[in-house]
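Today I wanted to look up the cysteines and see how their sulfur atoms pair. Here is the structure I had open.

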Amino acid sequence: MPVMSPVLNQSGPTEFFFRVLTTVPEFQALLFLLFLLLYLMILCGNTAIIWVVCTHSSLRTPMYFFLCNLAFVEISYTTVVVPLMLSNIWGAPKPIPLAGCGAQMFFFLTLGGADCFLLAIMAYDRYVAICHPLHYTLIMTQKLCAQMVACAVGLALVLSLQLTSLIFTLPFCGHRREINHFLCDVPPVLRLACADIRVHQAVLYVVGILVLTVPFLLICVSYVFIASAILRIRSSEGRRRAFSTCSSHLTVVLLQYGFCAVVYLRPQSTSSVDEDRQFALVYTFVTPLLNPLIYTLRNKDVKGALKKAISSKAASENN
């Protein structure tokens with residue numbers, strides 16, 4: 001009598017479980033409060049950017065249009081991950097069905113890819129503003145900006161759909177599958193497969209190159225031209241303002257691309273599950289939190305609009 005594989009010899013629906021971060025109740029409560037606080041700060045900070053840009057006509061420029069879209073993507077990106085993560089920290093681990101795991105991976109990859117593409121588009125916007133200031137309004141039209149955002153989201157959606165569909169055609173061993181992570185990310189899910197995953201890893205590297213390497217190289221090329229143009233500015237104040245604007249964007253770029261590249265582009269044999277989980281915390285919490293902080297604290301226009309909005313609201317409440 002032939003022996004059936006563990007994939008075929010299973011009953012009931014397929015479920016995944018996330019490995020708990022800690023089993024100590026005191027640490028569970030501490031982590032729950034910490035991640036909840038970070039999540040609320042991400043929501044408030046990015047929502048504030050969207051509100052300020054949408055309500056102040058002085059900020060309706062391509063730069064702030066892209067920043068507004070980036071803030072929306074950051075909110076969606078963390079919302080796909082954090083609520084489920086918090087529910088698993090507090091109390092017993094809760095299962096996630098196969099379809100739910102696939103949906104989380106798809107949206108996580110789509111929004112993460114859109115985030116990377118938007119950062120590249122913002123670098124191009126800064127290149128045009130600094131290197132071709134006289135033609136900026138002619139080049140960066142409202143139609144072109146909308147088309148670039150739509151292309152960024154569309155390309156991220158197509159790539160993530162292909163990768164997610166390919167991964168979830170794999171057989172997974174056993175009925176109860178424990179993911180050593182806090183989300184259904186590609187590397188930890190691939191580790192649970194009961195088949196040859198070399199093709200899937202190759203596709204992951206190709207997608208990683210398209211989403212991470214190519215945009216990062218375009219950003220680097222843009223900033224070579226930007227740096228050259230800034231150095232030609234005679235006014236020291238003009239150079240300072242240009243460098244300030246670009247350094248904010250570069251800080252977010254280096255964090256986002258750096259940690260994502262370590263997780264998705266290094267060989268599977270040299271990767272550590274615990275390291276991947278730690279790096280994932282950076283681009284799940286730190287980058288979305290730094291985005292509003294960097295762009296508000298280092299941007300006079302946004303700070304001025306926020307102060308004006310807060311003061312006008314306070315004055316209306318007093319009256």
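These are my notes on the cysteines, entry by entry.

**Entry 1: the search.** I worked from a predicted model. How many disulfides does a search of the whole structure find? I got one. It is formed by C101 and C184, with their sulfur atoms 2.1 Å apart. That fits the cut-off I used, since a disulfide is a pair of cysteine sulfur atoms within 2.5 Å.

**Entry 2: where the pair sits.** I then checked which parts of the chain this disulfide joins, and they are distant ones. C101 belongs to helix α3, residues 98-131. C184 lies in the loop between β3 (176-179) and α6 (186-190). The two cysteines are 83 residues apart.

**Entry 3: handedness and burial.** I looked up the torsion about the S-S bond of C101 and C184 and found about -120°, so I noted the disulfide as left-handed. Are the two partners buried or exposed? C101 has 0% relative accessibility and therefore counts as buried. C184, at 0% relative accessibility, counts as buried too.

**Entry 4: C68.** Why does C68 have no bond to C54? C54 holds the closest cysteine sulfur, but it is 4.2 Å from the sulfur of C68, which is too far for a bond. I also put C68 down as buried, because its relative accessibility is 13% and the limit for buried is under 20%.

**Entry 5: C260.** I asked the same of C260. Its closest cysteine sulfur is in C116, and at 5.2 Å that is too far for a bond. C260 counts as buried, with 5% relative accessibility.

Conventions:
Residues are numbered from 1 along each chain as its sequence is written. This is a predicted model: local features need pLDDT of at least 70, side-chain atom pairs count only at pLDDT 80 or more; totals for chains, interfaces and linings use all residues. Side-chain values use heavy atoms; hydrogens and water are left out. Helices (H or I, at least four residues) and strands (E, at least two) are DSSP runs, numbered from the N terminus. Buried means under 20% relative accessible area, exposed over 50%, partly exposed in between (1.4 Å probe, protein chains only).
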